[in-house]
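Dear colleague,

I am handing over the structure below, and after it you will find my notes on one of its pockets and on its cysteines. Please read them with the model open beside you.

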Amino acid sequence: MTRFLANLKSSHSSTVFNHSHKIIKFSYSSHTTQPFPTKTFFKSNTKDTTLVPHLCNHKRFDEAIHILCQQNRIKEALEILHQIEKPSASVYSTLIQSCIKNRLLQQGKKVHQHIKLSGFVPGLFIFNRLLEMYAKCDSLMDSQKLFDEMHERDLCSWNVLISGYAKMGLLQEAKSMFDKMPERDNFSWTAMISGYVRHDRPNEALELFRMMKRRDNSKSNKFTVSSALAASAAVPCLRIGKEIHGYIMRTGLDSDEVVWSALSDMYGKCGSIEEARHIFDMMADRDIVTWTAMIDRYFQDGRRKEGFDLFADLLRSGIRPNEFTFSGVLNACANQTSEELGKKVHGYMTRVGFDPYSYAASALVHMYSKCGNMVSAERVFKETPKPDLFSWTSLIAGYAQNGQPDEAIRYFELLVKSGTQPDHITFVGVLSACAHAGLVDKGLDYFHSIKEQYGLTHTADHYACIIDLLARSGQFEEAENIISKMSMKPDKFLWASLLGGCRIHGNLKLAQRAAETLFEIEPENPATYVTLANIYATAGMWSEVAKIRKTMDDRGVVKKPGLSWIAIKRDVHVFLVGDDSHPKSKEINEFLGKLSKRMKEEGFVPDTKFVLHDVEDEQKEQNLSYHSEKLAVAFGIISTPEGTPIKVFKNLRTCVDCHTAIKFISKITNRKITVRDSNRFHFFEDGHCSCRDYW
């Protein structure tokens with residue numbers, strides 16, 4: 001640069017500007033009348049960035065500064081600025097604009113300081129550019145100071161400062177300036193309305209929009225009404241949203257895609273998904289953001305089929321999904337445990353290519369973990385260059401739910417060693433792994449480390465997990481000790497965990513206390529009544545079982561029916577307890593009868609202690625024989641070739657008798673059988689279960 005500045009003194013020169021891929025050459029002499037240098041561009045492989053021009057007047061300096069700013073070489077441009085005796089407004093404007101573009105506050109301040117010292121008298125345009133530079137670089141104090149010093153201001157001056165305050169969430173300051181404005185335009189109103197929306201104050205945004213329509217005869221533009229629609233979606237209020245829709249139709253703004261997108265979003269968030277789809281279908285130019293939003297609305301509304309169908313339409317449209325589209329679809333597959341569909345999405349992602357650092361990679365790990373395919377979950381995880389915390393947590397929780405606590409703990413320790421800080425949800429995963437495996441000491445160590453080592457606060461979920469672990473292990477005294485020291489009121493999940501442990505160990509007294517508390521918290525939940533009745537039935541207290549049943553009848557509480565389902569050749573078959581509505585019911589029952597004989601020959605004894613009727617043992621066995629998961633497993637076996645793995649899903653926790661029976665079935669039929677109940681995955685093979693009979 002020193003060499004460059006020295007060469008500026010030459011009166012007859014050839015300017016060569018050499019940068020990373022181009023050489024720009026200026027040719028001229030001191031006698032030329034040509035106002036600007038001619039530029040010759042040619043490629044160069046050199047990486048030398050030395051600047052060696054020979055300039056003799058301000059226009060040559062100006063040209064060099066413009067070129068340097070285009071290349072974002074602001075530091076070098078500033079060095080040239082200090083060699084110009086009287087810089088032009090164009091030079092200052094170029095430098096300030098470059099500082100705005102690159103958010104270079106300190107360099108922008110140097111330009112402002114140079115303006116003050118050079119004697120240059122800036123016009124309103126330069127002042128406004130400086131205001132914008134300070135505002136966009138988040139230095140609102142400097143912006144306000146400059147605004148106060150300005151003798152002349154126009155609408156742009158006010159708007160720049162108001163917009164800056166609104167974006168930073170300083171809405172009181174923004175509104176104060178807004179109220180003082182001598183005049184307003186669409187930008188002024190939109191800046192305030194969008195500021196209120198962005199910072200979760202939708203009601204004030206809507207009030208301002210109403211005021212805008214009443215005053216100043218202002219006509220909204222697409223950005224103003226889009227912000228107002230976002231506000232009505234945030235409330236949410238469908239009535240107001242429809243009023244804005246009517247206003248849009250009257251003012252002729254209904255032809256803009258930005259407005260259409262905002263309308264569809266408003267209807268979706270206000271619960272009118274049919275209207276949202278109607279708007280979506282009317283849009284002529286739908287981008288991937290619009291498609292993704294509409295697909296996600298279906299999933300959020302529980303209408304997964306429509307969501308998947310629309311995703312298929314997207315693929316046919318030729319528009320390429322982005323990482324957010326893939327994430328939404330994969331999460332829907334995870335929630336529905338639709339592994340086959342998830343695999344197809346994964347295959348498509350692989351064919352078109354996807355960013356391994358994106359949310360989509362994390363969603364893949366989550367999908368496979370939730371579907372019980374830990375081999376694929378781990379493979380995707382290992383192929384991710386830098387897994388995020390969501391991926392780590394999905395893998396840990398997946399191993400916990402899939403009966404592999406050692407792997408869950410191993411990955412938790414690897415997470416800690418990687419330097420990634422676990423969060424509250426990660427600890428829920430590792431505590432669940434300890435609870436499923438009965439690792440009391442390990443679980444207590446993790447529980448105490450949450451606060452002592454990681455500085456996090458214990459959540460209700462953490463307490464529920466540790467009480468679940470202690471209750472399952474029969475350590476009720478320790479569990480009650482932790483409950484007594486809790487910093488929050490125990491919630492329903494904690495009491496349900498305690499009640500579940502009481503069922504395992506027959507702790508009648510504590511079970512009654514937990515149940516009574518749950519009756520107060522959620523008297524409509526049938527699970528509490530059924531669990532307590534099971535405990536009474538095990539103890540042979542049939543009069544108490546009868547009382548529980550009467551209480552349920554009096555309160556109108558209906559036991560949630562247990563149902564199981566299995567997918568065979570893409571068709572889902574659903575079974576209820578004692579179900580005889582299936583077309584193959586006769587074959588299923590005959591097969592179960594044959595299995596029952598073989599199982600008893602192998603030593604199977606039906607576990608009738610949880611049957612809630614005081615009837616003969618033979619009738620109890622009959623009742624157990626037709627539980628929904630047994631029907632689904634039997635159907636799966638008779639409907640598939642020998643050796644085919646069976647995967648069954650159940651909406652409730654599987655019962656002890658079915659769990660034992662399916663262990664025998666897996667050995668007799670030489671099948672791998674997976675049962676996903678409401679609590680976890682059970683992998684049955686050769687007479688054993690992955691849970692080790694501890695669930």
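The second largest pocket in this predicted model has a volume of about 1300 Å³. Its lining is made up of 33 residues, and those that lie nearest the centre of the pocket are Thr-337, Glu-339, Glu-340, Ala-567 and Lys-647. Two helices, α17 (304-317) and α19 (339-352), give two or more residues each to this lining, as do the strands β5 (563-568), β7 (646-650), β8 (673-676) and β9 (681-685). Among the contributors, α19 provides the largest share, with 5 residues. When the lining of the second largest pocket is sorted by class, 13 residues are nonpolar, 8 are polar and 12 are charged.

Turning to the cysteines, a search of the whole structure finds 0 disulfides. Two of the residues concerned show why a bond is not found for them, given that a disulfide requires a pair of cysteine sulfur atoms within 2.5 Å. For Cys-99, the closest cysteine sulfur belongs to Cys-137 and is 7.4 Å from its own, which is too far for a bond; Cys-99 is also buried, with a relative accessible area of 0%. For Cys-465, the closest cysteine sulfur is that of Cys-434, at 9.6 Å, and this distance is likewise too far for a bond. Cys-465 is buried as well, its relative accessible area being 12%.

With best regards

Definitions and conventions:
Residues numbered from 1 in each chain as written. Predicted model: local features only at pLDDT ≥ 70, side-chain atom pairs only at ≥ 80, totals over all residues. Heavy atoms only, no water. Buried < 20%, exposed > 50% of the residue type's maximum accessible area, 1.4 Å probe, protein only. 1 Å grid on protein atoms, 1.4 Å probe; cavity = no way out; pocket = protein on both sides within 12 Å on 5 of 7 lines; lining within 4 Å. Points joined across faces, edges and corners; volume = space filled by probe spheres on them. Helix = DSSP H or I, 4+ residues; strand = E, 2+ residues; numbered from the N terminus. Nonpolar A, V, L, I, M, F, W, Y, C, P; charged D, E, K, R; others polar.
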